[in-house]
Amino acid sequence: MFLYVLPLENNCWYVGTTEDLQKRYDTHAKGRGAAWTKLHKPLPMDTMKFWEIPYFSLFQVEQMEDVLCKALQKKFGLNMVRGGYTCQLFPMKVRPPRHKLRESYNKHKFGKKTKAKSSKAKAKKSLTLWRA
């Protein structure tokens, strides 16, 4: 898994994750990637920064992506960077809390609202599975 930062036209940035950097870059360049890269065209691939992230789950890498996105938003401006759980195109005055962004991201990605189970419900399910 790779974590990458793609510089875009208009001094904008996109943060993402992928298994195949070349294929993902080509998708962005052809206008079939993220909505943010359709709005702001990618600069050449040799300007992209990336890191290989082995031995981590997709969820962990997505969290790293969001942390990097937030750091770049602080550096370059909230409305100049998208990626991680920040996938909205509309201008933001403040960055919403991560749980709100994650809810919006999951709704966009999976087409439904996802709710985290309470620790009590998880423990009950675990106990039920253990007894079976």
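This report describes the four-stranded sheet of a predicted model and the helices that pack on that sheet.

**The sheet**

The strands form an open sheet in the order E3-E1-E2-E4, with mixed pairing. At its edges lie E3 and strand E4 (81–83), each of which pairs on one side only. Direction ignored, neighbouring strands of the sheet are turned by 15° against each other on average. As background to the pairings described below, strands of a sheet pair through backbone hydrogen bonds, in either a parallel or an antiparallel sense.

Two of the pairings involve strand E1 and are set out in the table.

| Pair | Sense | Bridges | Example of facing residues |
|---|---|---|---|
| E1 and E2 (residues 12–18) | antiparallel | seven | Leu-8 opposite Cys-12 in E2 |
| E1 and E3 (residues 49–52) | antiparallel | four | Val-5 with Lys-49 in E3 |

The hairpin of E1 and E2 has three residues between the strands, and within this hairpin Asn-10 adopts a positive phi near 65°.

**Strand E1 and its surroundings**

Strand E1 spans residues 2–8, and because seven of its seven residues are buried, the strand is largely enclosed by the rest of the structure. The burial extends to both faces of E1, with Phe-2, Tyr-4, Leu-6 and Leu-8 covered on one side, and Leu-3, Val-5 and Pro-7 covered on the other.

**Helices packed on the sheet**

The sheet has the strand order E3-E1-E2-E4. Helix H1 (residues 21–29) packs on this sheet and touches E1, E2 and E3, its direction making about 30° with that of E1. Helix H3 (residues 58–76) also packs on the sheet, where it touches E1, E2, E3 and E4, and its direction makes about 175° with that of E4.

Helix H3 has 19 residues and reaches 26 Å from its first C-alpha to its last, which is close to the 27 Å expected at 1.5 Å a residue. Which residues of H3 are buried? They are Val-61, Glu-62, Glu-65, Asp-66, Cys-69, Leu-72 and Gln-73, a set that includes the acidic residues Glu-62, Glu-65 and Asp-66. Seen down the axis of H3, these buried residues fall within an arc of 145°, and they therefore line one face of the helix. An α-helix has 3.6 residues a turn, so residues three or four places apart point the same way. On the face of H3 turned away from its buried side are the exposed residues Lys-74 and Lys-75. After H3 comes Gly-77, which has a positive phi near 115°.

Note on methods. Residues numbered from 1 in each chain as written. Predicted model: local features only at pLDDT ≥ 70, side-chain atom pairs only at ≥ 80, totals over all residues. Heavy atoms only, no water. Buried < 20%, exposed > 50% of the residue type's maximum accessible area, 1.4 Å probe, protein only. Helix = DSSP H or I, 4+ residues; strand = E, 2+ residues; numbered from the N terminus. Pairing = 2+ DSSP bridges. Axes fitted to C-alpha atoms, helices over the stretch in contact; angles between N-to-C directions. Contact = heavy atoms within 4.5 Å. Expected span 1.5 Å × (residues − 1). Arc of directions from axis to C-beta.
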